[in-house]
Amino acid sequence: MSKTPDPNSTGPSGNAGAGKPDGEEATVKVPAKDPKKKDEKKDEDLSEEDLALKQQLELYVERVQDADPGLQKVALESMRQEIRTATSSMTSVPKPLKFLRPHYGTLKGFYEKMPDSDLKALSSVLNLSGEIGQEYATRQSEEAPIDDLMELVQQIVSFNVKHNAEPDAVDLLIEVEDLDLLVEHVDSSNCKRTCSYLTSFAKYLPGPDDMLVLDIAYTIYMKFEEYPLALVTALALDNMQSIKQVFTSCDDILRKRQFCYILARHGQTFDVDEEMCASDEEREVLQEIVNKAKLSEGYLALARDIEVMEAKTPDDIYKPHLLDGRASAGASVDSARQNLAATFVNAFVNAGFGQDKLMTVPSEGTSGGSSTSWLFKNKEHGKASAAASLGMILLWDVDSGLAQLDKYFHSTDTHVIAGALLGVGIVNCGIKNDCDPALALLAEYVDKDDPSVRIGAIMGLGLAYAGAQNEQIRSILTPILGDNKVSLDVIAFAAITLGLVYVGSCNEEIAQAIIFALMERSESELGEPLARLLPLGLGLLYLGKQESVDATAEVSKTFHEKIRKHCDMTLLSCAYAGTGNVLKVQHFLGQCAQHLEKGETYQGPAILGIAMVAMSEELGLEMTIRSLEHLLQYGEQNIRRAVPLALGLLCISNPKVNVMDTLSRLSHDSDTEVAMAAIISLGLIGAGTNNARIAGMLRNLSSYYYKEANLLFCVRIAQGLVHLGKGLITLSPYHSERFLLSPTALAGLLTMLHICLDMKAIILGKYHYVLYFLTLAMQPRMLMTVDENLKPLSVPVRVGQAVDVIGQAGRPKTITGFQTHSTPVLLAAGDRAELATEKYIPLSPILEGFVILKENPEYRDE
């Protein structure tokens, strides 16, 4: 009896010593040279069932060639059955195919001689659909007719879809460029599986194919009334018609409310009209949800539930008692700079909580109280950031925010007024309001004489109306771009604000205004750091719009050579942000390989461009992190300064350990610009996570840099970011299980990162309030379940690490390592939640943000 082969044996021909007498033990290690012997051994090596299978298949091969068609059919069917039911792992070939390999020639020869019949068609499904792809390509190049091929494709697709092989069907249709066929073959049982495959691999397709694939997914979802998923797909397509169609096709009023929550989370400006909802009362409710009027309420309910309402002071974050003596006694550092840092930390940590211990303290006794006293602990432009920080503390709470900011408008200090104007913008960030209080307050200050007041009003408009495409703002700000008497900083902020308000709209008029503003600038002005915000404002107009940027990019080649390449990189990186376009990544890498003359700045935006394009899916993200490592080793100094920022964007609010270590290493770099960028990026990757390891690193850095005011300022900002909203807020622009990218959130992050390319001049200069651009990306990272009257409802949910189950057989678990909590709950990066009770049915399959639950009529208490 021969030994069964050891599958892990390393001998060249499996277990070569099996079945030999002991005397011949020595030949084991020598590969069999004589082929005949080898064949005999192969048969001996098979287990009994494999041998039986092999003989069975050989019998089928003989039977298929039999003259009797009945026998042929039975043999073919059995062969097909064997191949279909064979189990195999991803890497190994199924056994039946392995044993049929030697007979492939025989079968093929016989197939060609066979007369045309149903049998021939049947045996062709056995023939792999891959050959059809090749045949199709050949015929396309020869322009031969393809009708007979398409008939086959129809049969194979219908077979695949019925037998749980949707991915195979989709792949075949992509090869023969006829994905529309899919719609008629899919049924309600497999539409979700098919569409999840379509939407997930759309990320890997070049434009415009990706949009076509998403469009077909949308069509299938609409056909089977999977409205929430159809809406999410329509948002990914950025197609207003499709979004409205979802509303008009669905009659259920509760589901419409859920759609509004999805739109609000995406930051989509949307007016609910009579066609979508007939009753005025209900229309108001829907519009209120889209306007995010209740966001602050939900966020505070979450904070109360987790018991973090207690206001925190900057010292609670710095934890000076954990450090050794020298750092906490670091009073030698410029104290206005320290107070400014404390202002930001206080604003970030208490964001949205409506109370803190520096700005909102009720007045003690007589004279104006301590909130004004903290304000005046900041010098000149520091007061602007301090006044604006009140807006951050009252984030999303428009009514009390405007009431509390009101007192600053009566100030005689222009910086305080500028800060109050910016604060108004921050409070209104992402919240729409029918009476437009922000526009009414800010518009009159845009044309004041003092540049800081103008910038406060302009930036405030940008934060309050990002993505709103508001005509009034365009008519107020476009003239500023063409006015030669206006200082460069006002023009730069006007360009950014127009870019934010019209983000991704490809608006021609604004593009022209910014292009003229760039052409008018003198060479010395183009060399200033703020001049680089003009190309960014232009880029934001084309955010994610791919080819639409081409015409503008051509025009940018005529600019002054000082800014030409910089503008080109910025435009391309914005246009392809979040698309995963490999060719663009290669293009940017190519730009980084060039050695620069002094004073060129375009490699910074190119590096950020790599991160922007590749952030769309996990695979590209990991590869990019590796490429950036190489750039750190071989790149020049200006490249090394941008790499930490790119890493910060790739892992925003998602502290990956390898990235954390890289940034920690760079934060001690000999080049202070690299160190500052790395420190800010540590704050970005840990933003709102309370990550203890990053918090520890930053504490150590604060004692390491206790004598260097600039670096210490960056450490403080990073500490504030890590504890953003006491750990309840994320900066990630992705949501809906990382499928949708919010354009306004990404625009806010990009503005901040481009500004960080030259920290010394802007953030460490007098424009530190640009840090508030991050407000655009701030969102509560929560799951809040509400009942049919939109009141909070606590239910048990399982929260765990999301598992990618797309294209897998059966119904695998979508989360792993879960814990059960009751809502509201926090979701970390890469987490997914599912209901742990049958009592309610969620109206959206994606459990994130606000989800409406309705009672399950079939539920019975045990």
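## The open sheet

In this predicted model, four strands are arranged as an open sheet in the order β8-β5-β11-β10, with mixed pairing. The edges are taken by β8 (825-826) and β10 (840-842); each has a single partner strand, so one side of each lacks a neighbour in the sheet. Strands of a sheet pair through backbone hydrogen bonds, in either a parallel or an antiparallel sense.

Strand β5 (residues 782-786) pairs with strand β11 (residues 849-855) in the parallel sense, over four bridges. Within this pairing, Leu783 stands opposite Gly849 in β11.

## Helices across the sheet

Two helices may be described together with these strands. Helix α15 (residues 253-266) lies across β5 and β11, and runs at about 165° to β11. Helix α17 (residues 295-306) lies across β5, β8 and β11, and its direction makes an angle of about 105° with β5.

## Helix α38 and its surroundings

Helix α38 spans residues 657-666. Its buried residues are Val659, Met660, Thr662, Leu663, Ser664 and Leu666. These buried residues pack against α36, α37 (637-650), α39 (672-685) and α40 (692-704).

## A nonpolar surface patch

Helix α36, one of the packing partners of α38, covers residues 618-634 and contains Met623. Together with Tyr204 and Leu619, Met623 makes a nonpolar surface patch of about 340 Å². The relative accessible area of Met623 is 44%, and this residue is therefore classed as partly exposed, a term that applies between 20% and 50%.

Notes:
Residues numbered from 1 in each chain as written. Predicted model: local features only at pLDDT ≥ 70, side-chain atom pairs only at ≥ 80, totals over all residues. Heavy atoms only, no water. Patch = residues over 30% accessible without salt bridge, like charges linked within 9 Å, V, L, I, M, F, W, Y side chains within 5 Å. Areas by Shrake-Rupley, 256 points an atom, 1.4 Å probe, with all protein chains shown as cover. Salt bridge = Lys/Arg side-chain N within 4 Å of Asp/Glu carboxyl O. Buried < 20%, exposed > 50% of the residue type's maximum accessible area, 1.4 Å probe, protein only. Contact = heavy atoms within 4.5 Å. Pairing = 2+ DSSP bridges. Axes fitted to C-alpha atoms, helices over the stretch in contact; angles between N-to-C directions.
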